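I opened this notebook to record what I looked up in the structure, one entry per topic. The ligand comes first, then the strands, then some single residues.

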Amino acid sequence: MWSTSSRTLRQAAPWQVLDGFGRSVQAACRYAAPTSVEQLAAVLEQARREGLSVAFRGSGRSYGDPALNARGLVVDLRQLTRVSSWEPAHGVFECEPGVTIEGLWRRILYDGYWPAVVPGTMHPTLGGCLAMNVHGKNNYAVGPIGDHVLDFDLLTASGEVLRCSREQNADVFVAALGGLGLLGAITRLRLEVKKVHSGYVRVRPLAARSLDEMCDVFEAEVPRSDYCVGWVDCFAGGPALGRGEIHAADYLQPGEDGAPELSLRVEQQGLPPHILGFPRHQIWKIMRLTMNDLGVGFVNWAKYQAARLAHGKSYLQSHVAFAFLLDYVPNWRLAYGPTGFIQYQVFVPYAGGRETLKDVLAIAQRYRMSSYLGVLKRHRPDDYVLSHAMDGWSLAMDYKVNPARAARLKAMADELTERVIAAGGRFYFAKDSVLEPDQVARAFGSERLESFKAMKQRLDPGGLFVSDLARRVGLAPP
Ligand SMILES: Cc1cc2nc3c(=O)[nH]c(=O)nc-3n(C[C@H](O)[C@H](O)[C@H](O)COP(=O)(O)OP(=O)(O)OC[C@H]3O[C@@H](n4cnc5c(N)ncnc54)[C@H](O)[C@@H]3O)c2cc1C
């Protein structure tokens, strides 16, 4: 690690090839991993002096390129993990940005708390989650993680630290939450977390025969459920287009769990070491054998048949098992092979949303590019400058990247993007690898983009903070 001694970053920061979580994008970057906020400030000061651009990186769980900086410096913030306070009486947690979602829930659960918003994996850092303003399976009810942030400190390009909250530097607060790390480094944050009365949630699995039925079930469940998420079989066509399974879930009320002191133990939350008799850590190798249209098409069909059998049979599940389904299989991304995959998540307004989503699924099928995983969620609007959410639906889709059909994938993504923009939809930068500046400009609108760029100009006039994503989508000069 570079130290504040005589060596420059250009001499001392080693080159590393870093990737996005989907492994389809990579970049050779200079790499620094400060171990304290003071050291981070010194690295940034030195980078500025040496004319090196900087991208921040948390756990690298964004699917594409927001934490990459080809030929520039990537500053990994995972070692900033100091917890400055945890107040169970008020449910307020204060820490540095390298604390992960896992670190957070492990610290607060036994006191009867759970993070108000979690993404589908526990490995991201809180800094990365704030920079993307992540949403959970309860976005329709509680908004993104930013809605639970009391305040944070932003270390800006000039070396100044801005305390940001809804009251103080409120314009920076709404721009830096979801600001893709382009306005500065979040070096400290204070979060409100959710009181829970059990280590379990009650889950109701509900099968649906088509996209319309999926949406009908969502509409019935959303007003009465704490969480609601849909798995979509993207291979099903005709009248079964968009069929799948919804999991609605609720927190337990006080007294419903007879022994919360047991269920709230961290050990009770562990994911099983084996799945269908196979060690969890080996499952990706088996998955890899089936990672083709035929194999995944069959798995989707079988999953739907299982969903029909499970329909309506509710059960208790630990918070971890419900929230972090994708963590069941460590390294599952490797199952896609060396060229990886992209995730592409579209957000569409409620009005006309069902028809837009049906078109999205049908367009992909026309290209013979069904997504290997489809996830449907319901969202509410929020006021963050680069917000991806709106009153409507999102559908996240995973596409294997195969060099032989890269042109087809790009053509399909462009057609999907145009359909979504025409419907007034938007996209999510944590899940993007394909958008171009003109598409982003039309999806987000000039008012939002100009407002963000004006904030960037104010806080970082020299353009110190960049990323490959920012250059690709026109938020930074190419
Ligand atoms: C399996 C899986 C499931 C997921 N499910 C969801 C989901 O349900 N909902 C959802 O919203 N997202 C989801 N995501 C996306 C993920 O939550 C986000 O990409 C998140 O930002 C990753 O955090 P990270 O620490 O890995 O950050 P990285 O991916 O390393 O970086 C993300 C961004 O944050 C910036 N950054 C990192 N730390 C800081 C800091 N301290 N200060 C300023 N900027 C910083 C980086 O520059 C970059 O722009 C999922 C990802 C995976 C792999």
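**Ligand contacts.** I began with the polar contacts of the ligand, and in this predicted model I found a polar side-chain atom of Ser62 at 2.7 Å from an oxygen atom of the ligand. I then noted a backbone contact, in which a polar backbone atom of Gly60 lies 2.8 Å from an oxygen atom of the ligand. For Lys377 I looked at the side chain, where an N or O atom is 3.1 Å from an oxygen atom of the ligand. I also looked up the accessible area: the ligand taken alone exposes 980 Å², and the protein buries 98% of that.

**Ligand shell.** Which elements give two or more residues to the shell around the ligand? I listed strand E3 (54-57), helix H4 (126-132) and strand E10 (185-192), and I noted that H4 provides the largest share, with four residues. There are 35 residues around the ligand, and those that come nearest are Phe56, Arg61, Ser62, Thr125 and Tyr428. By residue class, I recorded the shell as 19 nonpolar, twelve polar and four charged residues.

**The eight-strand sheet.** Next I traced an open sheet of eight strands with antiparallel pairing, and wrote down its order as E17-E12-E14-E13-E19-E20-E18-E21. Its edge strands are E17 (315-318) and E21 (426-427), each of which pairs on one side only. At the E17 edge, I found four bridges that join E17 to strand E12 (residues 200-208) in the antiparallel sense, and there Val203 stands opposite Tyr315 of E17.

I then turned to strand E19 (residues 373-379), which is mostly covered, since I count it with five of its seven residues buried. On one hand, E19 pairs with strand E13 (residues 227-232) in the antiparallel sense over three bridges, and Trp231 has Val375 of E19 as its bridge partner. On the other hand, E19 pairs with strand E20 (residues 392-400), again in the antiparallel sense, over seven bridges, and here Leu373 has Asp398 of E20 as its bridge partner.

**Strand E8 and its partners.** I asked myself why strand E8 (residues 149-155) should be called largely enclosed by the rest of the structure. Six of the seven residues of E8 are buried, so the description follows from that count. E8 is joined to E10 by six bridges, the two running antiparallel, and I noted Leu191 in E10 as the bridge partner of Val149. E8 is also joined to strand E9 (residues 161-165) by five bridges, likewise antiparallel, with Arg163 in E9 as the bridge partner of Asp153. E8 and E9 form a hairpin with five residues between them, and in the turn I found Gly159 with a positive phi of about 95 degrees.

**Ile108.** I located Ile108 in helix H3 (residues 101-108) and asked whether it is buried or exposed. Ile108 has a relative accessible area of 0%, so I entered it as buried. Not counting residues up to four places away in sequence, Ile108 touches Trp86, Phe93, Tyr113, Trp114, Pro115 and Val193. I also looked up the separation of the C-alpha atoms of Ile108 and Glu45, which are 63 residues apart along the chain, and recorded 35 Å.

**Ser370.** I placed Ser370 in the loop between helix H12 (353-366) and E19. Its relative accessibility is 13%, and because buried means under 20%, Ser370 counts as buried. A polar atom of the Ser370 side chain lies 3.3 Å from the backbone oxygen of Cys234. Leaving aside neighbours within four places in sequence, I listed the contacts of Ser370 as Cys234, Phe235, Ala364, Gln365 and Tyr399.

**Positive phi outside glycine.** Finally, I looked up two arginines. Arg23, in the loop between strand E1 (15-19) and strand E2 (26-32), has a positive phi near 65 degrees. Arg71, in the loop between E3 and strand E4 (73-76), has a positive phi near 70 degrees, and I entered Arg71 as exposed because its relative accessibility is 67%.

Definitions and conventions. Residues numbered from 1 in each chain as written. Predicted model: local features only at pLDDT ≥ 70, side-chain atom pairs only at ≥ 80, totals over all residues. Heavy atoms only, no water. Near = heavy atom within 4 Å. Polar contact = N/O pair within 3.5 Å; in protein donor to acceptor, adjacent residues only side chain to side chain. Areas by Shrake-Rupley, 256 points an atom, 1.4 Å probe, with all protein chains shown as cover. Nonpolar A, V, L, I, M, F, W, Y, C, P; charged D, E, K, R; others polar. Buried < 20%, exposed > 50% of the residue type's maximum accessible area, 1.4 Å probe, protein only. Pairing = 2+ DSSP bridges. Contact = heavy atoms within 4.5 Å.
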